[in-house]
Amino acid sequence: MGALAGRTRRLRFGMNVVSLALRDPVLLAKQCATIDVLSEGRLLPGFGIGSPQGPEWQALGIDTKTRGRRTDEALEIIGRLWREDGVTFEGRHFRLRDASISPRPTRDDLPMWIGGGTEAAIRRTARYGTGWQAGAELPAEAGRIVAAIKAAAAKIGRTIDSDHYGAAFPFYFGDRESAVMSGAMAAYARRTGRDPTNYFAVGDAATIVSRIAEYVAVGVEKFILRPVGPDGETVTAQTRRLIDEVLPQVS
């Protein structure tokens, strides 16, 4: 993202999403703030809890049962470091005394997009988030979560902009039975333990536009579309088709 900040001038960019419980919140707050400064305010940070099936937890010796509490503490720490001169924090997993970062972000209200679809993630988004980013949730489930976040935020006197609810899905212009898709879907199933059958949008531009419309109908207005491909050349070709064939229909 630092390279993107230096190479571009108008593009806004972020991560989808960083697993907070695997990171040091002070270092991550500093990294985000610095990239935001380098890009003159174009960073869109996204944070999540991470999949318990990922190999990183065992590699780092972190109990997956602590993911939620670690994430909540980290979100509070990061938000305060972005806004305050000195942060003292006493938590179960993190403790700080008069900590600070420099430079601070260019914006006092640097966005904080939150991922996840559990009840805890809904409460987390309502409390800390400026936006919500779906992971593997299909349109019907995404709509339920959007409504739940709005209700939870209202209960604590917060609001999230109506156009700050997002969805993400992989796409492929081609045949679902192709070797490329078979490999991608098998890898997704291994990594997440989820059924990939309905998650991938595979076919032509109409297929992708139809999937976008399903999300829009339930209150989702931001999208992260991930091209499927075994190499950079294929991914680039898929992305160009998205730009040429899909964007004119939805912009």
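Thr-66 is buried, at a relative accessible area of 17% (buried means under 20%, exposed over 50%, partly exposed in between, with a 1.4 Å probe and protein chains only). This is a predicted model, where local features need pLDDT of at least 70, side-chain atom pairs count only at pLDDT 80 or more, and totals for chains, interfaces and linings use all residues. Residues are numbered from 1 along each chain as its sequence is written, and side-chain values use heavy atoms, leaving out hydrogens and water.

You will find Thr-66 in the loop between helix 3 (56–60) and helix 4. Its side chain makes a polar contact of 2.9 Å with the side chain of Arg-70 (a pair of N or O atoms within 3.5 Å, one able to donate a hydrogen and the other to accept it).

Now for helix 4 and its partner, helix 2.

| Helix | Residues | Residues in the contact |
|---|---|---|
| helix 2 | 25–38 | Pro-25, Val-26, Leu-28, Ala-29, Cys-32, Ala-33 |
| helix 4 | 67–83 | Ala-74, Ile-77, Ile-78, Leu-81, Trp-82 |

Contact here means heavy atoms within 4.5 Å. The residues of this contact divide into 11 nonpolar, no polar and no charged. The axes of helix 2 and helix 4 come within 9 Å and cross at roughly 45 degrees. That makes helix 2 oblique to helix 4 (angles under 35 degrees count as roughly parallel, over 145 as roughly antiparallel, 65 to 115 as roughly perpendicular and the rest as oblique).

Helix 5 (residues 119–128) has buried residues too: Ala-121, Ile-122, Arg-124, Thr-125, Ala-126 and Tyr-128. Their cover includes helix 4, strand 7 (113–115), strand 8 (131–133) and helix 6 (139–155).

Technical notes: Axes fitted to C-alpha atoms, helices over the stretch in contact; angles between N-to-C directions. Helix = DSSP H or I, 4+ residues; strand = E, 2+ residues; numbered from the N terminus. Nonpolar A, V, L, I, M, F, W, Y, C, P; charged D, E, K, R; others polar.
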